Amino acid sequence: EVFIDGEAIFDVAHMNGKPFYVKTKDFEIKVLGTVFNVNAYEDDKNSGTVLAEGKIEISANNNTVFHNEKKTILPGTRIVYNNNKERFEESQVDVIKYSSWRDGYLILEKEPLETIVKKISRYYNVDIELQSAAIGKETFSGNLNLRNTAEEVLNIIAETTQIKLNRENNKLIINLN
């Protein structure tokens with residue numbers, strides 16, 4: 001049994017009579033022998049999981065009569081716990097987009113810059129500031145090699161978008177070009 005505040009990929013072998021549990025602020029996953037990604041940051045509005053192989057059972061932490069929902073999901077499924085609606089939202093996804101960070105790259109399709117910056121900031125443990133909310137709405141598609149530095153990764157985005165990157169002390173600042 002583990003509790004996670006952050007993001008992790010689990011590869012768990014099935015053991016009869018000994019289930020493995022992953023707990024987050026929003027839900028609990030009963031692992032039945034599988035590979036899956038969990039994204040559950042305390043400061044994010046929603047938490048989710050993406051199943052790559054096997055099968056998992058997920059249940060919300062808000063165990064009220066009306067919300068004691070349990071779901072069993074199959075590979076290629078993404079489950080997000082929507083805090084506003086207090087329920088799970090399910091979709092079929094390309095699993096590699098959610099697990100590629102483990103192999104040192106990000107696959108992005110029309111991803112808002114505010115989301116990309118959050119991922120890069122967490123991955124490299126660096127402060128990145130967007131100078132305006134409008135910058136955060138800019139989108140980017142492509143593959144980013146995380147073996148580069150955070151500054152190099154952001155400069156790749158800057159080459160193909162309307163942003164400019166500056167460094168002030170230990171913080172990376174993103175402005176419109």
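Two strands are said to pair if DSSP finds at least two bridges between them. In this predicted model, β12 and β13 go beyond that minimum, pairing in the antiparallel sense over six bridges. The two strands form a hairpin with two residues between them. In the turn, Asn169 has a positive phi of about 55°. Along the pair, Lys164 stands opposite Asn175 in β13.

## The chain as a whole

The chain has 177 residues, and 39% of them count as buried. Its secondary structure comes to four helices and 13 strands. Taken along the principal axes, the C-alpha atoms fill a box of roughly 55 × 30 × 30 Å. Among contacts with a separation of 6 or more, 44% are between residues 24 or more positions apart.

One pair of residues gives a sense of distance within the chain. Asn16 and Thr149 are 133 residues apart in sequence, and their C-alpha atoms are 43 Å apart in space. Asn16 is found in the loop between β2 (6-12) and β3 (20-23). With a relative accessible area of 70%, Asn16 is exposed, because the cut-off for that class is over 50%.

## Helix α2

Helix α2 has 12 residues. From its first C-alpha to its last it reaches 16 Å, close to the 16 Å expected at 1.5 Å a residue. Leu113, Ile116, Val117, Ile120 and Tyr124 are buried in this helix. Seen down the axis of α2, these buried residues fall within an arc of 100°, so they line one face of the helix.

Just after α2, Asn125 takes a positive phi of about 55°. This residue lies in the loop between α2 (113-124) and β10 (127-130), and at 70% relative accessibility it counts as exposed.

## Helix α4

Which residues of α4 are buried? They are Ala150, Val153, Leu154, Ile157 and Ala158. Down the axis of α4, the buried residues fall within an arc of 145°, so they too line one face of the helix. On the other side of α4, Glu159 and Thr160 are exposed. The buried residues of α4 pack against α2, β10, β11, β12 and β13.

## Two nonpolar cores

The largest nonpolar core has 21 residues. Those with the most contacts inside it are Leu113, Ile116, Ile120, Leu144, Leu154, Ile157 and Ile174. Two or more residues of this core come from each of β9 (105-112), α2, β11 (139-145), α4 (150-160), β12 (163-168) and β13 (171-176). The hairpin strands β12 and β13 are thus named here together with the helices α2 and α4.

Ile116 of α2 shows some of these links one by one. Leaving aside residues up to four places away in sequence, Ile116 touches Leu108, Glu111, Phe140, Leu144 and Ile157.

Apart from the largest core lies another, of 19 residues. Phe36, Leu51, Ile58 and Phe88 are among its members.

## Asp44, a buried loop residue

Is Asp44 buried or exposed? At 14% relative accessibility, Asp44 counts as buried, because the cut-off for that class is under 20%. Its place is in the loop between β4 (27-40) and β5 (47-60). The side chains of Asp44 and Arg122 are joined by a polar contact of 2.9 Å. Not counting residues up to four places away in sequence, Asp44 touches Lys25, Asn39, Lys118 and Arg122.

## Positive phi outside glycine

Glu86 has a positive phi of about 50° although it is not a glycine. Asn125 is likewise a residue other than glycine with a positive phi, near 55°. The table sets out both residues.

| Residue | Phi | Loop | Relative accessibility |
|---|---|---|---|
| Glu86 | about 50° | between β7 (77-82) and β8 (87-92) | 37%, partly exposed |
| Asn125 | near 55° | between α2 (113-124) and β10 (127-130) | 70%, exposed |

Glu86 is found in the loop between β7 and β8, where it is partly exposed at a relative accessible area of 37%. Asn125, in the loop between α2 and β10, is exposed.

Key. Residues numbered from 1 in each chain as written. Predicted model: local features only at pLDDT ≥ 70, side-chain atom pairs only at ≥ 80, totals over all residues. Heavy atoms only, no water. Buried < 20%, exposed > 50% of the residue type's maximum accessible area, 1.4 Å probe, protein only. Expected span 1.5 Å × (residues − 1). Arc of directions from axis to C-beta. Core = buried A, V, L, I, M, F, W, Y, C linked by side-chain atoms within 4.5 Å. Contact = heavy atoms within 4.5 Å. Polar contact = N/O pair within 3.5 Å; in protein donor to acceptor, adjacent residues only side chain to side chain.
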